[in-house]
Amino acid sequence: MTPLRLLAAAALLAVGAAIAWWFWRGEAGRSAPVAAPPAETPAPPAAADPVLHPVPEPAADSAAQGQPDESFNDALRRLLGARPYESFLIPDALVRRLVITVDQLPRERVNSQLRPVRRTPGDFLVVEEGGRLLVSPANQDRYDEAMQALAALDLPLMAQLYFRYYPLFQQAYTDMGNGGRHFNDRLVEVIDHLLTTPEPPLVIELVRPRVYYEYADPNLESASAGRKLLLRLGAEHRETVKQALSSFRAEIADRNRGAEPPPAESLEPLP
């Protein structure tokens, strides 16, 4: 999967555009016990983390309560437009794919097998100058259509949609083993992480020790998956993504706690 497609997925989620209902559960086989175990006092449930960025309570008739995937997918298609919806998104198990992707962006790697968007045609472009491998400025041209779709999103409306279907996001996040934690808090944290990506040099040098390209600068190469994706977009597209994320953050974050992200300090990924 190309960098922009993965980042566009996170951006679409960050602006509330991708909600579906899907459970992915398996039951491990169990052996019959030889004897009934003695009764034990159940351990108290783990205390839930405090909510840093609360979301509105869903309406009693919210479409998130028991409606099938198709109802939201139809609404999402109308909101995004048929072409962006069909060009970019993989509708199957979309909420799970997006929640996993967003959660992994501040880490070293993301799971490309669970990508929520389709592949971008073409190859990552590299030029050779004076014996050095450099990121080609022409790379950003491949991403123009995706960036136009992102810039055209109605962010306040996306936030309303996100809040309306928030129980689905939270359920998917809980199913990942995050009981007691709140997905909206994680989303704001990830947005802050992306927004504090420092600007790279105008000319970015690469090396190719094996099959894939790597950044020659160790600081760039050690950046998180999400920041590394932003670094590869080019300055113009990177600014488009940051503006969309910043605007959406202002819609979903608790304004009483401040809507401004922390200042950028380093390229080190979050733990």
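# Helix packing in a predicted model

Helix α5 (residues 144–151) packs against helix α11 (residues 235–252) at an angle of about 25°, with the two axes 10 Å apart. This is a predicted model, and the protein in it has 11 helices and four strands. The briefing below treats the chain as a whole, then three helix pairs, and then individual residues of α4 and α7.

**Overall composition**

- The protein comprises 271 residues, of which 42% count as buried.
- About 14900 Å² of the protein is exposed, and carbon and sulfur atoms account for 51% of that area.
- Of the contacts between residues at least 6 apart in sequence, 76% join residues that are at least 24 apart.

**The α5–α11 pair**

- Because an angle under 35 degrees counts as roughly parallel, the angle of about 25° places α5 and α11 roughly parallel to each other.
- The two helices, α5 and α11, form a left-handed crossing.
- On the α5 side, the contact involves Asp144, Met147, Leu150 and Ala151; on the α11 side, their partners are His237, Thr240, Val241 and Ala244.
- By class, the residues in the contact of α5 with α11 are five nonpolar, two polar and one charged.

**The α4–α8 pair**

- Helix α4 (residues 94–104) and helix α8 (residues 183–195) have axes that come within 9 Å and cross at roughly 50°.
- That crossing angle makes α4 oblique to α8.
- The crossing in which α4 passes α8 is left-handed.
- Helix α4 contributes Val99, Val102 and Asp103 to the contact, while α8 contributes Phe183, Arg186, Leu187 and Val190.
- The contact of α4 with α8 contains five nonpolar residues, two charged residues and no polar ones.

**The α6–α7 pair**

- The axes of helix α6 (residues 155–164) and helix α7 (residues 166–175) lie 4 Å apart, and the helices pack at an angle of about 60°.
- Helices α6 and α7 are therefore oblique to each other.
- Tyr162, Phe163 and Arg164 of α6 are in contact with Tyr166, Pro167 and Phe169 of α7.
- Five nonpolar residues and one charged residue make up the contact of α6 with α7, with no polar residue among them.

**Residues of α7 and the segment after it**

- Within α7, the buried residues are Tyr166, Leu168, Phe169, Gln170, Ala172 and Tyr173; Tyr166 and Phe169 also belong to the contact with α6.
- Gln171 is likewise placed in helix α7, but Gln171 counts as partly exposed because its relative accessibility is 25%.
- The C-alpha atoms of Gln171 and His182 are 9.7 Å apart in space, and the two residues are separated by 11 residues in sequence.
- Gly177, just after α7, adopts a positive phi of about 100°.

**Val99 and its link to α7**

- Val99 lies in helix α4 and takes part in the contact with α8.
- Val99 counts as buried because its relative accessibility is 0%, where buried means under 20%.
- Val99 and Phe169 are 70 residues apart in sequence, yet their C-alpha atoms are 6.9 Å apart in space.
- Phe169, the partner in this pair, is one of the buried residues of α7.

Key:
Residues numbered from 1 in each chain as written. Predicted model: local features only at pLDDT ≥ 70, side-chain atom pairs only at ≥ 80, totals over all residues. Heavy atoms only, no water. Axes fitted to C-alpha atoms, helices over the stretch in contact; angles between N-to-C directions. Parallel < 35°, antiparallel > 145°, perpendicular 65-115°, else oblique. Left-handed = near helix turned anticlockwise from the far one by under 90°. Contact = heavy atoms within 4.5 Å. Nonpolar A, V, L, I, M, F, W, Y, C, P; charged D, E, K, R; others polar. Buried < 20%, exposed > 50% of the residue type's maximum accessible area, 1.4 Å probe, protein only. Areas by Shrake-Rupley, 256 points an atom, 1.4 Å probe, with all protein chains shown as cover.
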